[in-house]
Amino acid sequence: MASDRLTVIVLAAGQGTRMRSALPKVLHAVAGRTLVGHVLAAVAPAAPADVLVVVGHERQLVIDHLAQTAPDVTAVVQDQQNGTGHAVRVALDALPDADGIVLVLAGDAPLLQAATIAALLRTHKESGAAATVLTARVADPAGYGRVVRDGSGAVTAIVEHRDADAAVLAIDEINSAIYAFDATSLRKALAGLTAHNAQGEEYL
């Protein structure tokens with residue numbers, strides 16, 4: 001019987017160059033909480049067994065903030081920011097006994113709601129899928145990874161904007177960067193990642 005244990009990995013290592021600020025992106029405050037604080041509040045009702053926050057850029061500032069606001073969270077250092085896939089692998093290496101479900105989220109999603117996470121986890125469990133991704137259809141998908149589906153509606157690829165051709169760029173369904181994975185399947189998939197893409201990173 002599959003484990004119901006839930007491990008949460010929050011990706012918070014990026015510099016956030018588009019913010020044009022010396023402060024780490026996830027520490028910017030909105031509506032009384034930091035960006036990462038909103039994400040942690042949204043996942044709390046799911047009662048995860050472990051919450052890992054991957055830190056990198058200005059790591060000590062983020063670690064200090066977590067120590068003050070979320071002492072039960074474990075900070076994991078990603079020394080080199082080699083992509084989301086690499087970040088998740090670093091986090092799982094720090095928790096080798098993780099099984100069940102791994103929920104991966106970006107640390108800069110302040111509008112994320114607990115109900116959305118609950119629905120994602122419920123769908124993941126009921127479908128028996130190895131991986132479930134939260135997607136959205138938007139009027140202007142520029143800059144986002146596109147979700148490519150086959151004729152039956154099954155997801156066949158997620159293509160980053162920089163790697164997309166004209167046909168893929170016309171797709172309006174985007175990747176939210178919020179995923180639920182079977183832990184065993186995730187470990188196997190991470191071992192096979194490459195950096196053969198425009199950014200030279202290991203994409204999750």
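## An enclosed helix

Helix α3, formed by residues 84-93, has seven of its 10 residues buried, so it is largely enclosed by the rest of the structure. This description rests on a predicted model. The buried residues of α3 are Gly 85, His 86, Ala 87, Val 88, Val 90, Ala 91 and Leu 92. An α-helix has 3.6 residues a turn, so residues three or four places apart point the same way.

Which elements cover the buried residues of α3? The cover includes four strands, β1 (6-12), β4 (50-55), β5 (74-77) and β6 (101-106). Helix α6, at residues 183-190, is also part of what covers them.

## The chain as a whole

The chain contains six helices and 10 strands. Its radius of gyration is 16 Å, close to the 17 Å that the globule rule gives for 204 residues, so the chain is as compact as a globular protein of that length. Along the principal axes, the C-alpha trace spans about 50 × 45 × 30 Å.

Of the 204 residues in the chain, 40% are buried. Among contacts with a separation of 6 or more, 67% come from residues 24 or more positions apart.

## Surface and charge

How much area does the chain expose? The exposed area is about 10,700 Å², and carbon and sulfur atoms supply 51% of it.

The chain carries 15 positive and 21 negative charges. The mean positions of these two sets of charges are 3 Å apart.

## Strand β10 and its partners

Strand β10 covers residues 173-182 and is mostly covered, with seven of its 10 residues buried. Strand β6, which is among the elements covering the buried residues of α3, is joined to β10 by four bridges, and the two strands run antiparallel. Within this pairing, Leu 103 has Ala 180 of β10 as its bridge partner.

Strand β7, at residues 131-137, is also joined to β10. Six bridges connect β7 and β10, and this pair runs antiparallel. Arg 137 stands opposite Glu 173, a residue of β10.

## The hairpin of β8 and β9

Strand β8 (residues 146-149) and strand β9 (residues 155-159) are antiparallel and are joined by four bridges. Arg 146 has Val 159 in β9 as its bridge partner.

How many residues lie between the strands of this hairpin? There are five residues between β8 and β9, and in this hairpin Gly 153 takes a positive phi near 95 degrees.

## Positive phi angles outside glycine

Most residues other than glycine have a negative phi. Ala 47 is not a glycine, yet its phi is positive, at about 55 degrees. Ala 47 lies in the loop between α1 (35-43) and β4. Is Ala 47 buried or exposed? With a relative accessible area of 60%, Ala 47 is exposed, since the exposed class begins over 50%.

Glu 58 is another residue other than glycine with a positive phi, in this case near 45 degrees. Glu 58 is placed in the loop between β4 and α2 (59-69). The relative accessibility of Glu 58 is 40%, so this residue counts as partly exposed. Strand β4 therefore borders both of these loops, the one holding Ala 47 and the one holding Glu 58, and β4 is also among the elements that cover the buried residues of α3.

Methods: Residues are numbered from 1 along each chain as its sequence is written. This is a predicted model: local features need pLDDT of at least 70, side-chain atom pairs count only at pLDDT 80 or more; totals for chains, interfaces and linings use all residues. Side-chain values use heavy atoms; hydrogens and water are left out. The radius of gyration is taken over C-alpha atoms; the globule rule is 2.2 Å times the number of residues to the power 0.38. Buried means under 20% relative accessible area, exposed over 50%, partly exposed in between (1.4 Å probe, protein chains only). Contact means heavy atoms within 4.5 Å. Accessible areas come from the Shrake-Rupley method with a 1.4 Å probe; for residues, only the protein chains shown count as cover. Lys and Arg count as positive and Asp and Glu as negative; His and the chain ends are not counted. The place of a charge is taken as NZ of Lys, CZ of Arg, CG of Asp or CD of Glu. Two strands pair if DSSP finds at least two bridges between them.
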